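Okay, thanks everyone, let's get going. I'll put the model up and then walk through it piece by piece.

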Amino acid sequence: MSNITKAVAALSVVAGLGVAALPLSSFAATSQVDITAIVDNTIGISVSAPEVEMTVAPNGPVSTKTVDVTVTTNNTLGYTLNIKDSDNETALVRYNDSLVAEGTIPAAAPAKGTSGWGFMGGDLSGSWNAIQTTDQQLVEKTSSTLNGSETTPVTFGVSAATGLANGTYKGGVIFTATAK
């Protein structure tokens, strides 16, 4: 074999081995996919009792009952908790059998010797508050516990003046929790 033939044969073997030694990745294409998960805000509210009933003695002490309002949210910015009257009549109303209003206990700070009903709780603790038809802020949280809930006790109080007609006086409130 001539030197040229030997050189061509050697180069052929080297070239063949070089192609065989190339990694397969040099013959593949790649593309990356980024994954993004967006977790929605959630908020829930519950009360320890859907009804509050108190027996009130005319000219007696203020009758009270407490309801626990529990808010659960995953919003790290927190939430607000509000209270308002459930309709446009803020008084507790006594109706006759024909559903005609026959008496009221006004939304006012309850006290012995007067007729009134109110609430206290959250940021509005320490004194009685008359319920309103618009939101009254009970709590504003600027952060929240992610794996739990927060409870706000709200106490309702009712008093009756001497001479207030006996019977059942009714009204209602709405609690609203809003994530920030």
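**Sheets, salt bridges and a few odd phi values**

Let's start with Asn 82, which is buried at a relative accessible area of 10%; buried here means under 20% relative accessible area, exposed means over 50%, and partly exposed is in between, with a 1.4 Å probe and protein chains only. Before I go on, the ground rules: this is a predicted model, where local features need pLDDT of at least 70 and side-chain atom pairs count only at pLDDT 80 or more, while totals for chains, interfaces and linings use all residues. Residues are numbered from 1 along each chain as its sequence is written, and side-chain values use heavy atoms, with hydrogens and water left out.

So, where does Asn 82 sit? It's in strand E3, and by strand I mean a DSSP run of at least two residues, labelled E, with helices being H or I runs of at least four, numbered from the N terminus. Leaving aside residues up to four places away in sequence, Asn 82 touches Asp 135, Gln 136, Gln 137, Leu 138, Ile 174, Phe 175 and Thr 176. Contact there is heavy atoms within 4.5 Å.

Now the sheet around it. E3 is the middle name in an open, antiparallel three-strand sheet with the order E8-E3-E11; two strands pair if DSSP finds at least two bridges between them. E8 and E11 are the edges with a single partner strand each, so one side of each has no neighbour in the sheet. From one strand to the next the twist averages 15°, using axes that are lines fitted to C-alpha atoms, for helices over the stretch in contact, and angles from 0 to 180 degrees between N-to-C directions. E3 covers residues 79-85, and five bridges join it to E8 in an antiparallel run. One pairing to click on is Leu 81, opposite Val 139 in E8.

Next, the other sheet. Which strands are in it, and in what order? It's an open sheet of five strands, E1-E2-E9-E6-E7, again with antiparallel pairing. The edge strands are E1 (43-47) and E7, each pairing on one side only. The twist here averages 20° from one strand to the next.

Let me zoom in on E6, residues 116-121. Five of its six residues are buried, so I'd call the strand mostly covered. On one pairing, E6 is joined by six bridges to E9 (residues 149-159), running antiparallel, and Gly 121 stands opposite Val 154 in E9. E6 also has two bridges to E7 (residues 124-129), antiparallel as well, with Phe 119 partnered by Asn 129 in E7.

That brings us to Gly 122, in the loop between E6 and E7. The hairpin has two residues between the strands, and Gly 122 takes a positive phi near 60° there. At 31% relative accessibility, Gly 122 counts as partly exposed. What does Gly 122 touch, not counting residues up to four places away in sequence? Leu 138, Val 139, Thr 152 and Pro 153. And the C-alpha atoms of Gly 122 and Glu 140 are 8.9 Å apart, with the two positions 18 residues apart along the chain.

Glu 140 is a handy link to the salt bridges. How many does a search of the whole structure find? Two, counting a side-chain nitrogen of Lys or Arg within 4 Å of a carboxyl oxygen of Asp or Glu. Glu 140 pairs with Lys 180, with the closest N and O atoms 2.7 Å apart. Glu 140 lies in E8 (residues 136-141) and Lys 180 in the segment after E11 (173-179), so the pair ties together parts that are 40 residues apart in sequence. Both ends are partly exposed, Glu 140 at 43% and Lys 180 at 35%.

The other salt bridge is Arg 94 with Glu 102, closest N and O atoms 3.1 Å apart. Arg 94 is buried at 14%, whereas Glu 102 is partly exposed at 45%.

Last thing, for anyone who likes Ramachandran plots. Asn 59 has a phi near 60°, a positive value in a residue other than glycine. Asn 59 is in the loop between E1 and E2 (63-73), partly exposed at 35%. Leu 99 also has a positive phi near 60°, and again isn't glycine. Leu 99 sits in the loop between E4 (92-95) and E5 (101-105), and is exposed at 67%.
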